[in-house]
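Reader: I am new to protein structures. Could you show me how to read one, feature by feature?

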Amino acid sequence: MTTDATLASHLQELRRGTVVVASLTVLRTPGYGYSLLETLSSAGFEVEANTLYPLLRRLEAQGLLTSSWNTDETRPRKFYITTEQGDALADTLRTEWARLDRAISDLDTATAIPGSES
């Protein structure tokens with residue numbers, strides 16, 4: 001595996017979990033798939049539709065999202081919203097993310113070589 005392929009693989013793994021947290025957070029306000037893709041993309045989460053839509057179905061099957069169809073417009077759209085269980089999970093995951101970020105920062109500080117600061 002090349003260095004670029006290794007990096008791409010690790011970045012993909014890192015993004016997988018963050019897209020779940022981001023989706024649950026954004027969908028605290030009702031939204032449909034394409035609008036979620038746009039919101040995530042504008043925030044820096046590059047996720048493809050063929051990844052996001054199965055994720056939404058999985059989160060709904062897990063009871064973390066609910067959905068309903070809006071047929072008021074010419075094009076019906078399936079809107080999702082985070083459930084109470086999804087809100088709780090998002091809060092827990094965000095707290096854990098912050099804890100892990102602090103732990104990595106602490107590791108970085110603890111392993112810094114004296115005099116190597118720029």
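**Reading the features**

Author: Let's start with Glu-73, which counts as partly exposed because its relative accessibility is 47%. Buried means under 20% relative accessible area, exposed means over 50%, and partly exposed lies in between (1.4 Å probe, protein chains only). This is a predicted model, in which local features need pLDDT of at least 70, side-chain atom pairs count only at pLDDT 80 or more, and totals for chains, interfaces and linings use all residues. Residues are numbered from 1 along each chain as its sequence is written, and side-chain values use heavy atoms, without hydrogens and water.

Reader: Which side chain does Glu-73 meet in a salt bridge?

Author: A salt bridge is a side-chain nitrogen of Lys or Arg within 4 Å of a carboxyl oxygen of Asp or Glu. Here the side chain of Glu-73 meets that of Arg-77, at 3.2 Å from N to O. Arg-77 is partly exposed too, because its relative accessibility is 24%.

Reader: How many salt bridges does a search of the whole structure find?

Author: The search finds six. In one of them, Asp-91 is joined to Arg-28, with the closest N and O atoms 2.6 Å apart. This pair links distant parts of the chain: Asp-91 sits in helix 4 (residues 84-110) and Arg-28 in the loop between helix 1 and strand 1, 63 residues apart. Helices (H or I, at least four residues) and strands (E, at least two) are DSSP runs, numbered from the N terminus. Asp-91 is partly exposed at 41% relative accessibility, and Arg-28 is partly exposed at 32%. Arg-28, Asp-87 and Asp-91 are also linked in a network of salt bridges.

Reader: Where do Arg-99 and Glu-96 lie, and how far apart are they in sequence?

Author: A general idea helps here. An α-helix has 3.6 residues a turn, so residues three or four places apart point the same way. Arg-99 and Glu-96 are three residues apart in helix 4, so about one helical turn separates them. Their side chains meet in a salt bridge of 2.7 Å, N to O. Arg-99 is partly exposed at 39% relative accessibility, and Glu-96 is partly exposed with a relative accessible area of 33%.

Reader: Now the sheet, please. In what order do its strands come?

Author: Two strands pair if DSSP finds at least two bridges between them. This open sheet has three strands in the order 1-3-2, with antiparallel pairing. Strand 1 and strand 2 (65-70) are the edge strands, each pairing on one side only. Strand 1 pairs with strand 3 over two bridges, in the antiparallel sense, and Tyr-32 stands opposite Phe-79 in strand 3. Helix 3 packs on the sheet and touches strand 2 and strand 3, its direction making about 115 degrees with that of strand 2. Such angles run from 0 to 180 degrees between N-to-C directions, with axes fitted as lines to C-alpha atoms, for helices over the stretch in contact.

Reader: What joins strand 2 to strand 3?

Author: A hairpin does, through six residues. Strand 2 and strand 3 run antiparallel and are joined by six bridges. Ser-68 also stands opposite Phe-79 in strand 3.

Reader: Which residues of helix 2 are buried?

Author: In helix 2 (residues 33-42), they are Gly-33, Ser-35, Leu-36, Leu-37 and Leu-40. Their cover includes helix 1 (3-26), strand 1 (31-32), helix 3 (49-61) and strand 3 (77-82), where contact means heavy atoms within 4.5 Å. After helix 2 comes Gly-44, with a positive phi near 100 degrees.

Reader: And Ile-104, is it buried or exposed?

Author: Ile-104 is exposed, because its relative accessible area is 56%. Ile-104 is found in helix 4. From Ile-104 to Leu-64 there are 40 residues in sequence and 29 Å in space, C-alpha to C-alpha.
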